[in-house]
Structure formats: structure tokens, C-alpha cells
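Reader: I am new to this structure and should like to learn how its features are read. May we begin with a single residue and then proceed to the sheet and the core?

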Amino acid sequence: MKPHVIGLSCPPIPVVNIAIIGLGNRGMLAVHRLLHIPGCRITALCGLQPERLHQAATVITSQNTPSPALYSNPDDWKQVCEREDIHLIYNCTHWQLHTPLAVYAMQQGKHIAIEVPAALSVRECWQLVDTAEATRRHCMMLKNCCYDPFELATLNMARQGLFGEIVHAEGAYIHDLCAMNFDPHAYYGMWSLRYNEQHTGNPYPTHGLGPLCQLLRIHRSDRMQYLVSISSAQFGTTEYAREKFGPESAQAQKEYKKGDMNTTLIRTMKGKTLMIQHDISNPRPYSRIYHITGTRGMAQKWPVPLFAFAPDSEEYLSQAEAEALLQTYEHPFVKEYGEKGKEVAGERRLRDFIMDSRLIHCLNQGLPLDQDVYDAAEWSCLVELTQYSVNNGSVPVEIPDFTRGRWKE
């Protein structure tokens, strides 16, 4: 059996030299956060838009830190990965480059942190796993929702048995992104619009899936066995565009992709079930659902935090009781990084600051990361497998065992 990287620890890095590749929405936010995290420095920046490169460099030098090296050509990311002084590649590029860049970085001896999804196909998922195992490098998907204070508090509750045995969970990424997808300045080259127009499954499953997999100990005593996926039809409408941009706008003349709500059901080897949804094209308030059903109680985050526990499970806890419960079970990560995170990143982006802080802490101390390459692969493989199920009459599709049997250990 091939050597695995579950629980992988690498030599401590007292100061982590970081190269951020991709300076779109996520990359620019990462620059601002990482500047305030001790034990790291931004050594290089790589992006295709010169104005963003210089904007990010100015932010860095304004904090009395050395100016980073700048790279702006399409293939410069390879040169960045080859630099001997870089320890961590922070990959914020467009989705199609996530896996090729990550594989190349690990082959050059670098640890890699990849924005979501880490891969777009099962083949790419295996490439990440095989390369991480061969190079013994960390490969972490930057799944920030795993560090949301509510998700962390309920993870803490679950570990202490408040929900009993968790038997079912629900998650989602429901977010009206029509305005951004049709804005030529929101996503570089409007890549998000093009990809979502072509994808009929769930192209972005990890927001809802990641925290639930941690709750269910996926690939840490259980794994996802198979899925069934179904999508609504797509319905074009120009009315919505006119309301967003006005009748004279060029965007208003295009049909918006409406409908396309995807629902995926998953069963694990131990008989647990999950429901994951995706919808970015209809007028619904943001929601990740985040619902947990256990033998002793339940929790749900959206649209408002709800808890109920046996034997009085027919009534939800009051808002005051729910707030007290969340405070009692506040996760240690939030206690350690919460105040500074709110100051640096704000309440909404607190989860990103905790995620980055934990990543740097683990690299500084030579500890295993909170998420590993098997998480990245197992959560990301739904991108292809949901589409395959939808396109073939919602047939059941087996989910690969990326741990090669090690999930049982």
C-alpha cells in the first residue's frame, strides 16, 4: 500500500514565506489578512492585472514590510513555484488552474493552499492525492466555512455528545450572484459566468459540505459512499437583467441563467445521509442551511440559529437560550483568534482570518493541518460526479475512496 499523508507533519517553519498567486477578489482579501498574522510574510505576488499587483504591493509596504517580488505574465506562476525561498503557495487563481498549479507547486517542494474547489474532476482529485503522497507536502483546500464560529461551536457540541449520533445533515451554497456574474469587472474575464453556464450539477459543493464532513468524521472513521443528484431546468429571463442594470445596459440585453437549483443526496459507508444544494441564479437570501439531525438533538444556522434537544425536541430553544448555548460551547479557535479576527477582517470574514491563522500556526509548529489533501479531494470530487449523475438521469454514482481504505483507521 502506498504511503499516506493522513496526519502528515513536516519540519517547523519559524517564518513562512508566502507567494500569493491570483489577485482577484479572494487574493486581495488574503493579502490584507496575512499581513496581520505573525509567523509569516508575503514574499511574492503573481497576477495578470498590473494595477492589482501594485495595489497589493502598496498595501504590503504600507505596513513597514519589505516589498514583495511581482510577477505578471501568464506563465510566471511556474517561476514563482520554483523559487527556493518560498515555503507556501497560496493559490487564488481561477478554478481551472487550481489543480495544475497545486501539483506543480508540490513537485517543486512547496506546501500549497488552494481556494475552493480544489479540483474540477475525479482525475484532478487523484492528481492532488498522488502528488501529495509522493512529495510529502501539505495540500490544503481553503475551506473557510469550516472555521465559521457557529459551525465550530456545533462541532464542539457534537464532539461532546450533545446531538447524540448524527444521522443526517444538510448544507448548501445559495447566493444570488447574477449581478456579479454579469459584471465584467467582478470576475476576471467573466470566468465564473462561463463555467456555471456549462455546468449542470453542483460546481461549488464545498461551502455546505466541508463543515458537515468534519462533523461526520468523513475519512476519519467514515467516508461518502455514493450520491444521487438532480437539477432543475434552466430558465432564461431578461427582465431580471433590466431590473439589475437598467434597460440601456448591455448586460440587460442578455438572458440571465435562472433556475438550475441542484440537489444532491449522499449516503456514507456507516449509513449517514447528507443533502447538499447549490443555487446562484435565483433571488433568494444567502444560505448555507447547515442543518444537523442527531439522535439526541438538532441544530440549524440559516435563516436563524435553531436548536432542539430531547426530550423536549418538539420546541426550539428560545433565542436567549440558543445564544447562551453558543457561548458555552464557543470553540477554542474562536476564543484564540476571534477578537483580532474581527478587528482585521470584520465579523463576516472572521472565518477567513481563523483559517489563515490556523494554517500558519500549524506550519510554524510542524503540526498536521486541520484539513488535508483527502478532504480536498473527497469534497471537490462532487463537482464532476454530480454533473455525471444529473446528465445520466440522476443515477447513483460511487464516490472514490481517496484514502485507499485508510478512512477505517
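Reader: Is aspartate 260 buried or exposed, and on what grounds is that decided?

Author: A residue is called buried when its relative accessible area is under 20%. In this predicted model, aspartate 260 has 8% relative accessibility and therefore counts as buried. Aspartate 260 belongs to the loop between strand S10 (256-259) and strand S11 (262-268).

Reader: Which residues is aspartate 260 in contact with, leaving aside its neighbours within four places in sequence?

Author: Contact is judged by heavy atoms within 4.5 Å. For aspartate 260, the residues in contact are Asn196, His199, Thr200, Ser231, Ser232, Ala233, Gln234 and His278.

Reader: Histidine 278 is on that list. Which residue is its bridge partner in the sheet?

Author: Histidine 278, in S12, is the bridge partner of tyrosine 173. Strand S7 (residues 166-174) and strand S12 (residues 273-279) run parallel and are joined by seven bridges.

Reader: Which other strand pairs with S7, and in which sense, parallel or antiparallel?

Author: S7 also pairs with strand S13 (residues 291-294), in the antiparallel sense and over four bridges. Two examples may be located in the model. Isoleucine 166 has glycine 294 as its bridge partner in S13, and alanine 169 has isoleucine 292.

Reader: Why is S7 described as largely enclosed by the rest of the structure?

Author: The description rests on burial: seven of the nine residues of S7 are buried, so the strand is largely enclosed.

Reader: What is the order of the strands in the sheet?

Author: The order is S15-S14-S13-S7-S12-S11-S8-S16, an open sheet of eight strands with mixed pairing. Strand S15 (306-309) and strand S16 (397-398) stand at the edges; each has a single partner strand, so one side of each lacks a neighbour in the sheet.

Reader: Which helix lies across S7 and S13?

Author: Helix H6 (residues 149-159) lies across S7 and S13, and also across strand S14 (297-300) and S15. H6 runs at about 10° to S15.

Reader: Finally, how many residues has the largest nonpolar core, and which have the most contacts inside it?

Author: The largest nonpolar core has 120 residues, and those with the most contacts inside it are Ile20, Leu34, Leu45, Ile89, Tyr90 and Leu128. Helix H13 (residues 350-365) supplies the largest share of this core, eight residues. A second, separate core has seven residues, among them Phe182, Met190, Leu193 and Ala241.

Key:
Residues are numbered from 1 along each chain as its sequence is written. This is a predicted model: local features need pLDDT of at least 70, side-chain atom pairs count only at pLDDT 80 or more; totals for chains, interfaces and linings use all residues. Side-chain values use heavy atoms; hydrogens and water are left out. Helices (H or I, at least four residues) and strands (E, at least two) are DSSP runs, numbered from the N terminus. Buried means under 20% relative accessible area, exposed over 50%, partly exposed in between (1.4 Å probe, protein chains only). A nonpolar core is a set of buried Ala, Val, Leu, Ile, Met, Phe, Trp, Tyr and Cys residues joined through side-chain atoms within 4.5 Å. Two strands pair if DSSP finds at least two bridges between them. Axes are lines fitted to C-alpha atoms, for helices over the stretch in contact, and angles run from 0 to 180 degrees between N-to-C directions.
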